[in-house]
Amino acid sequence: MGNMVGELEIYDVIIIGAGTAGLSAAVYAARASKRVLVLEETSYGGQIIYSPEVENYPGIGHVSGFQFATGLYEQAVGAGAEIRFEKADGIRILKEEKRYKIVFTDVNTYRTKTVIIATGSRSRRMGLDGEERLTGAGISYCATCDGAFFKGRTVAVYGGGNTALEEAVYLSGLCSKVYIIHRRNTFRAEQRMAEQLQQKNNIEYLMNCRVTAINGNEKLESLELSDGRVIESAALFVAIGREPQNDIYKDILTLDAYGYIIAGEDCRTSEEGIFAAGDCRTKQVRQLVTAASDGAVAALAAIVE
Ligand code: NDP
């Protein structure tokens, strides 16, 4: 292993994740003439590509999430960042060799001076039997992606935050009926979202309820609720928040109780030369603009390491 590692080329910065934080970091690091590699498991853009409209990014009045992400991707590539679609599997720190980092992916091994982790978060799973099997067959985590498959049908949304209510409003225009299932009797979402929902006449509220089972073989057929009810529904749009995916870093970095990488506004983690940017780190505000800001902060710190 030692010899093989010795033969690997050295990157200045490896960025894990090509969402807003990761690509912003890539723009800054590449513009500083550093050798930059971005690793992305799926497609570029991260969470924002699912937002049909972005209206709160300073200086940009109105843009779709996909347009925003594409612009940022092109900017990073144009600045000289290399982007590879590979899944990062872990990091090893070479204590004996200037604390270089080895980044393993599903297909390659890379050596780098610094790493910026910008892996964001993913939709929280319900943890129910059959959830994975029925994903894509009635269980969905994105109404704007999958809602059209259920045009004219009865569907359900699970959750009481802004995402859940936004999805319910969107689905009410497509589907014949929308159940909204929430574990408490008040919504966490902003009042204006709840008011928008109240104007719809095809919503049924199932408050103080949890989904306890999902039924169906080939596709979702019905939902069992904690109050004993069973409702028929062609789809369940799960919008119960988001969670980080930092398990592979837990042996080298300090995580908080929820699995976020502990890092302050300077994006520095417990390990020198490893930074955490965007939604994957501990922070108060998880917005597009704070993800972009973290990318800049982390990159400007990484390039002087
Ligand atoms: P939130 O964390 O705001 O809401 C998650 C919802 O799911 C809560 O109602 C919560 O219930 C419920 N929940 C959490 N865990 C479980 C569980 N295990 N079982 C059942 N229910 C559960 O997440 P969102 O994705 O809605 O929003 C994330 C962030 O993005 C927020 O800051 C939000 O404001 C923002 N956002 C803003 C938008 C906008 O401005 N247009 C649009 C979408 C999101 P409880 O309320 O009881 O905790």
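**Reading a small sheet and a pocket**

Mentor: Let us begin with strand β13, which covers residues 222-225 and is joined to β14 by three bridges, the two strands running antiparallel. Please keep in mind that this is a predicted model.

Trainee: Which residue in β14 stands opposite Ser222?

Mentor: If you look across from Ser222 into β14, the residue you meet is Glu232. On the β12 side, Asn215 is the residue that stands opposite Ser222, and there β12 and β13 pair through four bridges, again in the antiparallel sense.

Trainee: In what order do the three strands lie in the sheet?

Mentor: The order is β12-β13-β14, and the three strands form an open sheet with antiparallel pairing. Because β12 (211-215) and β14 (230-232) stand at the edges and each has a single partner strand, one side of each is left without a neighbour in the sheet. Neighbouring strands here are turned against each other by 25° on average, if direction is ignored.

Trainee: How many residues lie between the strands in the hairpin of β12 and β13?

Mentor: There are six residues between these strands, and in this hairpin Gly216 takes a positive phi near 145°.

Trainee: Now I would like to turn to the helices. How does one describe two of them that are packed together?

Mentor: In general, one gives the angle between the two axes and the distance between the axes. In this structure, the axes of α2 and α7 come within 7 Å and cross at roughly 40°, and these two helices are therefore oblique to each other. Their crossing is right-handed.

Trainee: Is the crossing of α2 and α3 left-handed or right-handed?

Mentor: The crossing of α2 and α3 is left-handed. These helices pack at an angle of about 25°, with their axes 8 Å apart, which makes α2 roughly parallel to α3, since angles under 35 degrees count as such.

Trainee: How can empty space be found in a model?

Mentor: The general idea is to roll a probe the size of a water molecule over the atoms, which shows where empty space is left. Here the second largest pocket has a volume of about 180 Å³, and α2 (20-31), α3 (65-79) and α7 (288-302) each supply at least two residues of its lining.

Trainee: How do the residues of that lining divide into nonpolar, polar and charged?

Mentor: Eight residues of the lining are nonpolar and two are polar, while no charged residue takes part. Among the residues that line this pocket you can find Ser24, Tyr28, Phe68, Gln75 and Ala292.

How values were computed:
Residues numbered from 1 in each chain as written. Predicted model: local features only at pLDDT ≥ 70, side-chain atom pairs only at ≥ 80, totals over all residues. Heavy atoms only, no water. Pairing = 2+ DSSP bridges. Axes fitted to C-alpha atoms, helices over the stretch in contact; angles between N-to-C directions. 1 Å grid on protein atoms, 1.4 Å probe; cavity = no way out; pocket = protein on both sides within 12 Å on 5 of 7 lines; lining within 4 Å. Points joined across faces, edges and corners; volume = space filled by probe spheres on them. Nonpolar A, V, L, I, M, F, W, Y, C, P; charged D, E, K, R; others polar. Parallel < 35°, antiparallel > 145°, perpendicular 65-115°, else oblique. Left-handed = near helix turned anticlockwise from the far one by under 90°.
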